[in-house]
Amino acid sequence: MREVLAQAAFQLFLERGFERTTVDDIVARAGVGRRSFFRYFPSKEDAVFPDHERCLAEMTEFLAAADDSDPVGAVSDAARIVLRMYAANPEFSVQRYWLTREVPGLRTYELSVVRRYEQTLAGHLRSRFGADGDGALRAEVVAASVVAAHNNGLRLWLRSGGEGDPEVAVDHALALVREVWGRPAASTAPADPGASAVPAAPVVPLAVSGGGDGDGEVVVMVARKGTPMWRVVQQIEAAVGEN
């Protein structure tokens with residue numbers, strides 16, 4: 001029934017437009033009552049993303065079973081669960097992508113879904129890195145980087161119309177994240193009593209999510225504590241300008 005309602009809703013969204021389609025229209029097309037719709041979907045926005053709750057549950061289960069040997073690899077593999085969900089139905093995924101670009105309310109909803117994935121990944125990493133201090137910061141930054149890298153590759157595939165293998169671009173993007181964050185965190189302890197406790201380091205633009213159309217881009221910046229603010233701003237401006 002959930003699938004029947006989702007299909008009926010999406011057909012109407014494509015035929016009439018999202019805003020002009022009501023819940024009554026959806027249940028009439030599906031041949032059920034309003035109560036049946038709200039048993040499965042709190043709103044018509046949820047009917048556009050019928051598979052994310054299942055995917056989120058699968059990701060949570062996967063991370064719960066992961067060992068402690070490679071936490072960055074584990075969250076990268078967890079992100080591929082989302083990719084496989086999109087790749088399982090390319091036509092639907094591509095149509096949903098363009099519908100979401102056209103309807104601001106759906107774009108906002110999608111961002112909230114992405115944030116839930118990111119929080120799930122960050123929660124797993126905090127359990128491995130520690131929930132305080134740099135451990136918590138590292139967990140948030142790595143999770144954001146994984147999501148940005150995954151979404152960058154996924155959107156390239158969606159904008160192509162679902163042509164080719166979506167894993168190629170996503171695997172390449174996630175490999176960059178693992179290259180940067182897969183190593184143990186470097187110690188900031190001074191080499192000798194006279195050395196600085198916070199070595200100088202440039203600000204690094206770690207990942208950019210989005211594409212050439214400027215839609216939904218996210219820049220994740222990494223800097224050592226104590227980096228001058230002017231340097232942070234300078235590098236952010238440079239990264240945004242380049243992308």
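Me: What should the 17 residues of helix 6 (residues 71-87) span at 1.5 Å a residue, and how far apart are the end C-alpha atoms?

Reply: The expected span is 1.5 Å times one less than the number of residues. For helix 6 that is 24 Å, and the end C-alpha atoms lie 25 Å apart, which agrees. Helices are DSSP runs (H or I, at least four residues), numbered from the N terminus. The model is predicted: local features need pLDDT of at least 70, side-chain atom pairs count only at pLDDT 80 or more, and totals for chains, interfaces and linings use all residues. Residues are numbered from 1 along each chain as its sequence is written, and side-chain values use heavy atoms, with hydrogens and water left out.

Me: How many residues of helix 6 are buried?

Reply: Buried means under 20% relative accessible area (1.4 Å probe, protein chains only). In helix 6, 14 of the 17 residues are buried, so the rest of the structure largely encloses this helix.

Me: Where is Thr21, and which residues does Thr21 touch?

Reply: Thr21 sits in the loop between helix 1 (2-16) and helix 2 (23-30). Contact means heavy atoms within 4.5 Å. Not counting residues up to four places away in sequence, Thr21 touches Leu12, Phe13, Arg16, Ile26 and Lys44. Thr21 is buried, at a relative accessible area of 1%.

Me: At what angle do helix 1 and helix 7 pack?

Reply: Axes are lines fitted to C-alpha atoms, for helices over the stretch in contact, and angles run from 0 to 180 degrees between N-to-C directions. Helix 1 and helix 7 (residues 90-102) pack at about 50°, with axes 12 Å apart. Phe10, Phe13 and Leu14 of helix 1 meet Phe92, Gln95, Arg96 and Leu99 of helix 7.

Terms used:
Helices (H or I, at least four residues) and strands (E, at least two) are DSSP runs, numbered from the N terminus. Buried means under 20% relative accessible area, exposed over 50%, partly exposed in between (1.4 Å probe, protein chains only).
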